[in-house]
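Got your viewer open? Let's walk through this one stop at a time, selecting as we go.

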Amino acid sequence: MKYRTLGRTGIKVSPYCLGAMMFGAMGNPDHEESVRIIHKALDAGINFVDTADVYSRGESEEIVGKALKGRRDEVVLATKAHLPMGDDPNQRGNSRRWLVRALEDSLRRLGTDHVDLFQVHRPSPDTDVEETLSALTDLVRAGKVRSIGASTFPASDIVEAQWVSERRGLERFRTEQPPYSILNRGIEREVLPACERYGMGALVWSPLAGGLLTGRYRKGLTPDTHRAAYGFKHLSDEHRLDAVEALIPLAEDAGMPLTHLATAFAIAHPGVTSAIIGPRTMNHLDDLLAGAETELDDETLDRIDAIVPPGTDIGTLDMAYAPPAIQHAHLRRRRIEERSAA
């Protein structure tokens, strides 16, 4: 396994990051098998593990903690907080009140006294970013966190956070975790260039486009998969399926499975440090590990560009972040009496 530097932290990580979202009730409830999957990934040279408190309501972190007993020092361990962990309105978000408690809870479940990377899982437009960065800075200074990062931040939010850190003498976001795949290339326009400008590592999630780039989702077929049971709209988007139908013969011409084409594409961008792979079963992991040595030549990348142009998103993932200006109609529509030009 080759290793890359995570932004300018000096931390060396594998180009594949093991995502732990599928370990626990929402994916694989068998703790022993999940532990074996984690161990096999580590034995293959993957040294980067990413989880979050919200994954199966803490169960994923507990499984990761079990798997890392006796191996903690060889792993770059990342977790996240922000999404709801209870009915209490303060058990979520990016406030100091919540982030401090969320980290303590994560450390207990993970069975460790620190994490190498603590990330805010989503932006919080209702929270001053200085409040968030100040809390995270204190956690770093307390020795409970080594580096801090963000996830799904728009480029403008990344720049604002960097500016606040510089002006206020606070810890900087060292990483960004955005969605990225052949079907979702929008971050190539501004997010990845911003990460490169500020020396941030990018660990991208959903390189298989939420399952579409496994080859198991085809036009006119009803897939019998674990993800299909959740009713995700992105799995039946006709435009996305059209692109998949064009990518399948491309992968065949290149002599590789579609999954290998997809993961190799994600780590080929110079702004990407690692791609998060999220196996649910040992077979899933075996397939992804088999593609670790895949290199895409320029001709193959040019053919991908012809199907999905650089900087283009074909549809959106159901779990993608949408800022308030997009979510709420009152923020994108003037009052009716103000809408005419005369």
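Where is Ile37 found? Select it and you land in helix H1, residues 31–43; helices (H or I, at least four residues) and strands (E, at least two) are DSSP runs, numbered from the N terminus. Before going further: this is a predicted model, where local features need pLDDT of at least 70 and side-chain atom pairs count only at pLDDT 80 or more, while totals for chains, interfaces and linings use all residues. Residues are numbered from 1 along each chain as its sequence is written, and side-chain values use heavy atoms, with hydrogens and water left out.

**Stop 1: Ile37**

Ile37 counts as buried, at 0% relative accessibility. (Buried is under 20% relative accessible area, exposed over 50%, partly exposed in between, with a 1.4 Å probe and protein chains only.) Show its contacts, meaning heavy atoms within 4.5 Å. Skipping neighbours within four places in sequence, Ile37 is in contact with Phe23, Asn28, Pro279, Arg280, Thr281, Met282 and Leu285. Now draw a C-alpha to C-alpha distance from Ile37 to Arg146: 26 Å in space, with their positions 109 residues apart in sequence.

**Stop 2: the largest pocket**

Next, select Met21, Met22, Gly210, Arg227 and Gly278. Of the 38 residues lining the largest pocket, these are the closest to its centre. The pocket holds about 1000 Å³ of space. Here is the recipe: on a 1 Å grid over the protein atoms alone, a pocket is an open set of points where a 1.4 Å probe fits, with protein on both sides within 12 Å along at least five of seven lines, and lining residues have an atom within 4 Å of a point. Grid points are joined across faces, edges and corners, and the volume is the space filled by probe spheres set on the points.

Colour strand E10 (274–277) and helix H9 (282–290), the elements that give two or more residues to this lining. H9 has the largest share, three residues. By class, the lining splits into 18 nonpolar, 13 polar and seven charged.

**Stop 3: the second largest pocket**

Select Pro179, Ile187, Val191, Asp313 and Tyr321, the closest to the centre among the 19 lining residues here. The volume of this second largest pocket is about 430 Å³.

**Stop 4: the core and a ring pair**

Which residues have the most contacts inside the largest nonpolar core? Try Phe173, Leu183, Leu213, Leu247 and Leu261, out of 85 residues in that core. (A nonpolar core is a set of buried Ala, Val, Leu, Ile, Met, Phe, Trp, Tyr and Cys residues joined through side-chain atoms within 4.5 Å.) Beyond four places in sequence, Leu261 touches Ile182, Leu247, Leu250, Ala251, Met256, Leu296, Thr300 and Ile304.

Add Phe153 to Phe173. Their ring centres are 5.6 Å apart and their planes at 80 degrees, so the pair is edge-to-face. (Rings pair if their centres lie within 6.5 Å; planes under 30 degrees apart are stacked, over 60 edge-to-face, the rest tilted.) Phe153 sits in the loop between strand E7 (145–151) and helix H5 (155–168), and Phe173 in strand E8 (residues 173–177). Both are buried, Phe153 with a relative accessible area of 7% and Phe173 with 3%.

**Stop 5: two loops**

Finish with Val54, in the loop between strand E4 (48–50) and helix H2 (59–67). Val54 and Met85 are 31 residues apart in sequence and 6.3 Å apart in space, C-alpha to C-alpha. Then select Gln91, in the loop between strand E5 (76–81) and helix H3 (96–110). Gln91 is buried, with a relative accessible area of 15%, and its contacts beyond four places in sequence include Met85 and Trp98.

Notes. Nonpolar A, V, L, I, M, F, W, Y, C, P; charged D, E, K, R; others polar. Phe/Tyr/Trp six-rings, centres within 6.5 Å; stacked < 30°, edge-to-face > 60°.
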